[in-house]
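Subject: Structure handover

Hello,

Here is the structure, followed by notes on what turned up in it.

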Amino acid sequence: MEKTTIHDVAERAGVSVTTVSRVLNNRGYISDEMRNKVGKAIEELNYTPNHLARSFYNNKTMSIGLIIPTINNPFFGELAFYIEKELANKNYNLYICNSLNDLNNELKYLKLLKEKKVDGLIVGSHNIARSEYDKVENKVVSIERAINNNIPIIQSDNYSGGKLATEELINNGCKNILCIVGNKILDMPANNRADAYKEIMQRENLDVKIKEIPFNLSINEKKSIVEEILKKSCYDGIFAGDDLMAGLVVAEAANLGIKVPTELKVIGFDGSNIFRIISPHISTIQQPIEKLSKTAVSVILDLIDNKLVEQKYVHSVKLIASNSTSSD
């Protein structure tokens, strides 16, 4: 028995192959009557759409590559979840690549995704490979990372978040506040969090103290640095670089007998759903992860369709105050 083809579906439905392709890929305007005709033909013929066939008709592989530092981080795990969910609704497949904060891994995945002929790339890695992206022929969108002036960036309002976090600590009585950042050498919107911290501290005539703890360090290396910070300094407030760092600070404080929040107040950044479930007691600045994901998908698909897009998309954040900054 010969395999049913898209031509068979078109013939059974009494429409063109192009119309069947548009229905399969949910592209362009299609009337309900036409959609039902094609759907009925597909069902009657038990036709299974083939992605290679789709590619032949619309010059697309219907696939997108996503490069992130690690899916183990709740923020990036949730981001990948929503991106995949949104792309699935658009009949796209997703290749998820964990760079593991390693430049060589990122370059390897760029090569792999090029070989896979993905239609576009969504990038959220923390490495320096800007020149490599100048060579990428695919459409590219960045999340929370500045790559070049030709690649649109989707980000949270990091400056506003930094301001909210610092003011939350000050409003709860903190005077000696440390701000922990990641790799300052990287050109990332997240650096604006520290800029806001610095401005608010100077406005209140408080000493600015910033500590860099690179993303690519192991959890044990980060733990050792945090332990040393807490042992040698008498901070009464810490604005952590992200929720995982905030959780690490709270855990190490407990190990050292430092009481949170009476002796030390801590606030993080990200506010992913999984972290809020596991550690609801830690205050944080919540990013709209689902919105970031949906915007990234919308922009990359517009680029693939050669539509005009903006260079920057900024989404609001919000403070979620909890027991790590206030005992009330």
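Salt bridges

K223 and E252 meet through their side chains in a salt bridge, 4.0 Å from N to O (a side-chain nitrogen of Lys or Arg within 4 Å of a carboxyl oxygen of Asp or Glu). K223 lies in helix α10 (residues 219-232) and E252 in helix α11 (residues 243-255), so the bridge ties together parts 29 residues apart in sequence. Helices here are DSSP runs of H or I with at least four residues, numbered from the N terminus. K223 is partly exposed at 36% relative accessible area, while E252 is buried at 4% (buried is under 20%, exposed over 50%, partly exposed in between, with a 1.4 Å probe and protein chains only).

This is a predicted model: local features need pLDDT of at least 70 and side-chain atom pairs count only at pLDDT 80 or more, while totals for chains, interfaces and linings use all residues. Residues are numbered from 1 along each chain as its sequence is written, and side-chain values use heavy atoms, leaving out hydrogens and water.

Within α10, E228 and K232 form a salt bridge of 3.1 Å, N to O. The two are four residues apart, and therefore separated by about one helical turn. E228 is partly exposed at 40%; K232 is exposed at 66%. Elsewhere, K163, E167, R203 and E204 are joined into one network by salt bridges that share partners. In that network, the closest N and O atoms of R203 and E204 are 3.2 Å apart. The whole structure has eleven salt bridges.

Regards
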